[in-house]
Amino acid sequence: FERAGLAPGDELVFAPGGGRARVATLEGLPAVEPGDCVGFTLDEPIFVTRGQVATRAGERPCRVARSLRAYVFWLAREPLAPGRRYGFRLGTARTSVHLAEIRRVMDAASPDAPLSQSRVERHQVAECVLELGDAVAFDLPDENAAMSRFVLVADHDIAGGGIVQEALPHARSRGRD
């Protein structure tokens, strides 16, 4: 198990919840490699919800935010439009999201063509500001690409995907909402 980077006694911090506990035992097959799934028990009962990410205390923690600047690639027939609620999935985290702002829209086939900034049509890429219903833990693409990628869901279908570029102050803390 120690080859997988986790050992009994390691202190873990869970984001976005902030809970802390030590690994009591590791559960799984003895031939675990980095990237494999393992189970573990903690030395004290803390409440960890779906979507929280564990990091070792003292190591670079994930970023946590409710507002994100991201690049979105839109796939759905109905345009991505400000104000509408969508589902947001990043790793195992699930929450609602609405498009707060479209900063720039690009056509994937002709990136230099000027496009409307009021909505994002099918197969367009946009730099957007997303406001999430709940805080999520994530990384930036150069830190951990897998933890920077997300999907947007509309009417139970994947409608788009994206890559988080930065955390932003949440709208409520900016005096909006």
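Where is Asp155 found? Asp155 is in the loop between strand 9 (149-154) and strand 10 (157-168). That loop is a good place to return to later. Begin with the overall layout. Keep in mind that this is a predicted model.

The chain has zero helices and ten strands. Along the sequence the pattern reads β-β-β-β-β-β-β-β-β-β. The chain has 177 residues, and 37% of them count as buried. Strands of a sheet pair through backbone hydrogen bonds, either parallel or antiparallel. Here the strands make an open sheet of four and a barrel of six.

Take the open sheet. Its strand order is 3-2-1-4, and the pairing is antiparallel. Which strands stand at the edges? They are strand 3 (39-42) and strand 4 (53-56). Each has a single partner strand, so one side of each is left without a neighbour in the sheet. From one strand to the next, the twist averages 50°.

Now walk across that sheet. Strand 2 and strand 3 are antiparallel and pair over four bridges. Leu26 stands opposite Phe40 of strand 3. Next come strand 1 and strand 2, antiparallel and joined by three bridges. Leu12 has Ala21 in strand 2 as its bridge partner. On the other side, strand 1 runs antiparallel to strand 4, with four bridges joining them. Phe14 faces Ala54, its opposite number in strand 4. In a regular strand the side chains alternate between the two faces of the sheet.

The connection from strand 1 to strand 2 deserves a closer look. These strands form a hairpin with four residues between them. Gly18 in this hairpin takes a positive phi near 90°. Pro16 also lies in the loop between strand 1 (11-15) and strand 2 (20-27). What kind of peptide bond joins Ala15 and Pro16? It is a cis bond, with omega at about 10°. Most residues other than glycine have a negative phi, and most peptide bonds are trans.

Turn to the barrel. Six strands close in the order 5-8-7-6-9-10, with antiparallel pairing. The twist averages 40° from one strand to the next. One of the pairings is between strand 6 and strand 9, which run antiparallel and share three bridges. In that pairing, Arg89 stands opposite Val151 of strand 9.

Back to the loop from the opening. Asp155 has a positive phi of about 50°, although it is not a glycine. Asp155 is exposed because its relative accessible area is 62%, and the cut-off for exposed is over 50%. His156 lies in the loop between strand 9 and strand 10 as well. His156 has a positive phi too, about 70°, and is not a glycine either. At 79% relative accessibility, His156 also counts as exposed.

A second loop to visit joins strand 5 (63-74) and strand 6 (85-90), and it holds Leu75. Glu78 lies in this loop between strand 5 and strand 6 too. Is Glu78 buried or exposed? Glu78 has 56% relative accessibility, so it counts as exposed. Leu75 is partly exposed, because its relative accessible area is 35%, and partly exposed covers the range between the buried limit of 20% and the exposed limit of 50%.

Leu75 also belongs to a surface feature. Phe73, Leu75 and Ile158 form a nonpolar patch on the surface. Together they have about 250 Å² of accessible area. Another pair links distant parts of the sequence. Glu78 and Ala159 are 81 residues apart in sequence, yet 8.8 Å apart in space, C-alpha to C-alpha.

Finish with the cysteines. A disulfide is a covalent bond between the sulfur atoms of two cysteines. How many disulfides does the model have? The count comes to zero, with a pair of cysteine sulfur atoms within 2.5 Å as the criterion. Cys62 counts as buried, because its relative accessibility is 12%. Cys128 is buried as well, with a relative accessible area of 0%. The cut-off for buried is under 20%.

Key
Residues numbered from 1 in each chain as written. Predicted model: local features only at pLDDT ≥ 70, side-chain atom pairs only at ≥ 80, totals over all residues. Heavy atoms only, no water. Patch = residues over 30% accessible without salt bridge, like charges linked within 9 Å, V, L, I, M, F, W, Y side chains within 5 Å. Areas by Shrake-Rupley, 256 points an atom, 1.4 Å probe, with all protein chains shown as cover. Salt bridge = Lys/Arg side-chain N within 4 Å of Asp/Glu carboxyl O. Helix = DSSP H or I, 4+ residues; strand = E, 2+ residues; numbered from the N terminus. Buried < 20%, exposed > 50% of the residue type's maximum accessible area, 1.4 Å probe, protein only. Pairing = 2+ DSSP bridges. Axes fitted to C-alpha atoms, helices over the stretch in contact; angles between N-to-C directions.
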